[in-house]
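Good morning, and thank you for coming. I would like to introduce a protein structure that may be new to many of you. Please take a moment to look at the sequence and the model before I begin.

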Amino acid sequence: YVDECVGHLLKDINLNNVQVIISGDHGYGWDYKRKYSMNSVWGFKTFYERITIPLILSKIKKKVGSGIHDSMSISATILELLNIKKHPTFLGKSIFKKGNDFCITEAGEPGYADPINHNLHYTITTNKYKLMTKLIKNKFEPLYLFNRVNDPYETKNLVHMNKYNKTIRFLTQKIVIHRKKIINSR
């Protein structure tokens, strides 16, 4: 229905004088093939359907860069399209630039904004894998590993398969390196 409404909007306006940017602040909901009870577990809100954010641009003839783009990429893309210089502290990369090799998403436990004394959830996403972990005190507990190429809908959890132990250690180490300030403060 939304696609149909967007189609009517684009058809009814004069696109010669207007540039249309449509996005959202989160993914499209819950994949009902997944166990529904997981929907209420805060740290697991990084499944593809929760964090894949749409970005629709009209009249753009630029090529999208390879790599991982995160939610900051939406803001960076809009700033680039409007020729607005971004602040030097802003880390977002336009989708027209090469993205990152990985993206780390983090969340606290529901109702707790204290990253020192409560569990934290870290998800690291690469082009090939997504690893979802829980940091309890100073120890990472890997909970889900998905091969995003072979299993784009994240249905087969590989975390308990021994052949992926090296991948899990590598991805966990990336989290440790890039979130060391918060992890070391625990």
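**Surface and overall layout**

The accessible surface of this protein comes to about 12,300 Å², and 56% of that area belongs to carbon and sulfur atoms. I should say at once that the model is predicted.

Of the 186 residues in the protein, 34% are buried. The secondary structure consists of 5 helices and 6 strands. Read along the sequence, these elements follow the pattern α-β-α-β-α-β-β-β-β-α-α. If we take the contacts between residues at least 6 apart in sequence, 50% of them join residues at least 24 apart.

**A buried leucine**

Let me turn to a single residue, Leu171, which has its place in helix α4, residues 165-178. Is Leu171 buried or exposed? Its relative accessible area is 3%, and because buried means under 20%, Leu171 counts as buried.

Which residues is Leu171 in contact with, leaving aside its neighbours within four places in sequence? They are Ile124, Thr126, Tyr129, Leu131 and Leu145. In addition, the C-alpha atom of Leu171 is separated by 8.8 Å from that of Thr125, although the two residues are 46 apart along the chain.

**The largest pocket**

I move now to the open space in the model. Rolling a probe the size of a water molecule over the atoms shows where empty space is left. The largest pocket has a volume of about 1,000 Å³. It is lined by 32 residues, and those closest to its centre are Ile68, His69, Asp70, Ser71 and Cys103.

Three elements are to be named here: α2 (48-51), α3 (72-81) and β3 (102-108) each give two or more residues to the lining. The largest share, 4 residues, comes from β3. Sorted by class, the lining of this pocket has 14 nonpolar, 10 polar and 8 charged residues.

**Salt bridges**

How many salt bridges does a search of the whole structure find? The search finds 5, and I shall describe some of them.

Lys62 forms a salt bridge with Glu80, and their closest N and O atoms are 2.9 Å apart. This pair links distant parts of the chain, with Lys62 in the loop between β2 (55-57) and α3, and Glu80 in helix α3, 18 residues apart. Both partners are partly exposed: Lys62 has 46% relative accessibility, and Glu80 has a relative accessible area of 21%. Lys62 and Glu80 also belong, together with Lys97, to a network of salt bridges.

A further salt bridge joins Asp101 and Lys98, with the closest N and O atoms 3.6 Å apart. Asp101 counts as exposed, at 57% relative accessibility.

Finally, Arg179 forms a salt bridge with Glu106, where the closest N and O atoms are 2.4 Å apart. Arg179 lies in the loop between α4 and α5 (180-184), while Glu106 lies in strand β3, so the pair ties together parts that are 73 residues apart in sequence. Arg179 is partly exposed, with a relative accessible area of 23%, and Glu106 is likewise partly exposed, at 44%.

Strand β3 thus appears in two parts of this talk: it holds Glu106, and it gives 4 residues to the lining of the largest pocket. Thank you for your attention.

Conventions: Residues are numbered from 1 along each chain as its sequence is written. This is a predicted model: local features need pLDDT of at least 70, side-chain atom pairs count only at pLDDT 80 or more; totals for chains, interfaces and linings use all residues. Side-chain values use heavy atoms; hydrogens and water are left out. Buried means under 20% relative accessible area, exposed over 50%, partly exposed in between (1.4 Å probe, protein chains only). Contact means heavy atoms within 4.5 Å. On a 1 Å grid over the protein atoms alone, a cavity is a set of points where a 1.4 Å probe fits but cannot get out, and a pocket is an open set with protein on both sides within 12 Å along at least five of seven lines; lining residues have an atom within 4 Å of a point. Grid points are joined across faces, edges and corners, and a volume is the space filled by probe spheres set on the points. Ala, Val, Leu, Ile, Met, Phe, Trp, Tyr, Cys and Pro count as nonpolar, Asp, Glu, Lys and Arg as charged, and the others, Gly among them, as polar. Accessible areas come from the Shrake-Rupley method with a 1.4 Å probe; for residues, only the protein chains shown count as cover. A salt bridge is a side-chain nitrogen of Lys or Arg within 4 Å of a carboxyl oxygen of Asp or Glu.
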